[in-house]
Amino acid sequence: MAATAAGPAAAPPLAGTARRPRVAVIGAGFAGLAAALTLERSRCCDVVVLEASGRTGGRACTQRLSPELALELGATWFHGLGSDGQPNPVFRHAVQQGLIGSAPEGEKWWSSQFLLPGSSQPLSKAQQIAVTHAIAAWAEAVDELPRDAAGTTADHLRVAWRRLLASGRAPEELEELAQRAWRWREHLQRAMDGCNSTAEQSAQGLALYEEMAGGVHAPLPAGMQAVAEGLAAQLGDVRLGHAVSRITWGRPGGVTIACRNGATVEADAAIVTVSLGVLKAQHGTLFDPPLPPAKQAALERLQIGTVDKLFLDFTPPGMPAGTSSTRQSSSSGSSSSGGSEGPVVSYALLWAGPWDAAASGKEHAAGSRAAAPATSEDEAQLPEWARGVFSLRFGGPEVKRCQQAADQQQPVGAHGVGDGTEQQQQQQQQQHELQPEEEPAESEFSPCSEAAQPTCYQAVAWVTGAAAAAMEAASDEQVLAALRQLATLFPQLQLPPGASWDAVELHRSRWGSDPLFRGSYSYLGAGSTPADVAALAAPLFAPAGGSGGAEASGGAEASGGAAPVLMFAGEACHVKHIGTMHGAYLTGRHQAELLAAALAPEAVELPQQQQQPPM
Ligand SMILES: Cc1cc2nc3c(=O)[nH]c(=O)nc-3n(C[C@H](O)[C@H](O)[C@H](O)COP(=O)(O)OP(=O)(O)OC[C@H]3O[C@@H](n4cnc5c(N)ncnc54)[C@H](O)[C@@H]3O)c2cc1C
């Protein structure tokens, strides 16, 4: 935010009135918090944040089980720590708040042991090579997507699949295994992008997504919600438990916001940061007058998928929460997640079924078994959604063992780069039993031959799309029973020492059915383009001199210099960083800067580059 030479001056009262302008920010996730902070710091207006739930952070949601142990039910990775030119604002705030535990990670992922249901043998070397080739071919297809790619991601993957078969790298006897590996990779892609299936995802949207520069992640012992709470603590007026039910905006001079608890807030403008899922489900009742047709059409085409996490806490009775087994993992399958968050043992589950049936997103639909038939009687007993569980991982950054992490805290280097990276890479390299000359092109998800026994008592499984929706509808008892049954199908899957399925606790997210989110993160759906994101983010102006619908317009200056009355921010409003915390933050900050400049142009002066949308 640029300000006058003497720093931001407090805005004068509104013309013809004795009061300062007031802006309501709806939602206290990263978009809302960034918007509110930016406005407060500009001193252009009074700010009130209205948040429906009893906490701040939104989809940054850390479930604290004890002082020593917490679980990230939502956002976990920074997805790039940023560079000097383009810092990741969420990481930067975490550093400023003293929350970064130790050296940032250089690695992108950890290697997994790939397991076949019913098999007590690790994959043979030939099978490992086939899986590695298959996974590398998927990555290549995604990396090669042109920025103007037509069609869906699955369209491009089908071409890549045929190329893989033609290359001889998935020979006939291993083709079925390669299908399983691609089915696993389809589920992983969904988890990464929030899409319910790659057949519903715009290939262009995926091609335009960009990670931030810098290492991927930095251990954050306190959890991501703490970063949001640190931001909220800097704000003057955050009202929790204020679920907005109606925003009346069609009259000149401001908005009237009604909350379910009976409160009413009058403001000159509002910045709406509720999720795309909430907007899709509720825009008809939330806005009076209704949103303009262009915005409604964008809401229709943009999509938000469901990605859920299932945590299993195997801490043996009598052992304090947050402890890990003292037995050190020595065999090849355990890899460090870097920093302080402990060794990771990850199992990738190779369910049967053609990958593009998975891509169609239909294989977990209720009653559907045709696309991915169960291969054994035991498997047939599983509820269909459980075959959407594609990995089970002990440890990793979603498990916050706070005390241990605090003990190991190390300072972060000047640019947020620690010195553990090379060592981690060497360790990872040693974990592959394949000899270098036999090894196919290295992929970030290459398999390891055999997993060590886990030492962390907390495991996480991810489930997406229709399977996630079915999981959310099941009871805790049903989910636990299904996961226990699933584990019996993979004889190589090990529990930590002393752990038992008879003493396990389940903690899980339900992002899809939660009325405050209605989904996990957004993506450009099939047929959607970046223009939809721009239409969603476009500010709205009150019609001159009366009530009635107002049309969206392209920028704050488009209404003859009048300030917008409704603005929209959130992760769905950013093309390059869609689906991320920093994407949400950047849109909130940008909209607030535009609004501040429109409300008090004499106090706030935008530099040239900040007048462009941050897309
Ligand atoms: C499982 C999962 C894993 C993720 N992993 C990562 C990750 O590793 N890295 C990453 O960068 N991102 C990740 N994300 C995405 C990231 O969490 C989001 O993109 C980001 O937090 C969204 O911020 P936001 O401010 O746009 O929306 P939200 O965080 O959804 O904030 C909107 C707020 O509005 C509130 N609200 C809703 N309705 C109303 C109403 N009627 N009145 C008032 N308030 C209302 C909500 O309670 C919420 O607090 C993940 C998300 C999920 C669900």
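## Briefing on a predicted model

At 6% relative accessibility, Phe91 counts as buried, because the cut-off for that class is under 20% relative accessible area. The structure described here is a predicted model, and Phe91 is a useful place to enter it, as the points below go from its aromatic partner to a histidine, then to a helix and finally to a set of strands.

**Phe78, Phe91 and the aromatic pairs**

- Across the whole structure, a search finds 13 aromatic pairs, and one of them is formed by Phe78 and Phe91, whose rings meet edge-to-face at 5.2 Å centre to centre with 75° between the planes.
- This pair links distant parts of the chain, since Phe78 lies in the loop between β4 (69-72) and α2 (89-96) while Phe91 sits in helix α2, the two being 13 residues apart.
- Phe78, with 1% relative accessibility, also counts as buried.

**His582 beside Phe78**

- His582 belongs to helix α17, which covers residues 581-599, and at 1% relative accessibility this histidine counts as buried.
- The side chain of His582 reaches the backbone oxygen of Phe78 at 3.4 Å.
- Leaving aside residues up to four places away in sequence, His582 touches Phe78, His79, Asn88, Pro89, Val90, Met212 and His577.

**Helix α4**

- Helix α4 takes in residues 153-167, and its 15 residues reach 21 Å from the first C-alpha to the last, close to the 21 Å expected at 1.5 Å a residue.
- Its buried residues are Thr153, Ala154, Leu157, Ala160, Trp161 and Leu164; they cover an arc of only 110° around the axis, and therefore lie on the same side of α4.
- An α-helix has 3.6 residues a turn, so residues three or four places apart point the same way.
- The face of α4 turned away from this buried side carries the exposed residues Arg162 and Ala166.
- Trp161, one of the buried residues of α4, forms one aromatic cluster with Trp138, Trp182 and Trp355.
- After α4 comes Gly168, which has a positive phi near 80°.

**Strand β16 and its neighbours**

- Strand β16 (residues 391-394) is covered on both faces, with Ser391 and Arg393 buried on one side and Leu392 and Phe394 buried on the other.
- In a regular strand the side chains alternate between the two faces of the sheet.
- β16 pairs with strand β15 (residues 343-349) in the antiparallel sense over four bridges, and Leu392 is the bridge partner of Tyr347.
- Three bridges join β16 to strand β19 (residues 458-464), again running antiparallel, and in β19 the bridge partner of Leu392 is Ala461.

Conventions
Residues numbered from 1 in each chain as written. Predicted model: local features only at pLDDT ≥ 70, side-chain atom pairs only at ≥ 80, totals over all residues. Heavy atoms only, no water. Expected span 1.5 Å × (residues − 1). Buried < 20%, exposed > 50% of the residue type's maximum accessible area, 1.4 Å probe, protein only. Arc of directions from axis to C-beta. Phe/Tyr/Trp six-rings, centres within 6.5 Å; stacked < 30°, edge-to-face > 60°. Polar contact = N/O pair within 3.5 Å; in protein donor to acceptor, adjacent residues only side chain to side chain. Contact = heavy atoms within 4.5 Å. Pairing = 2+ DSSP bridges.
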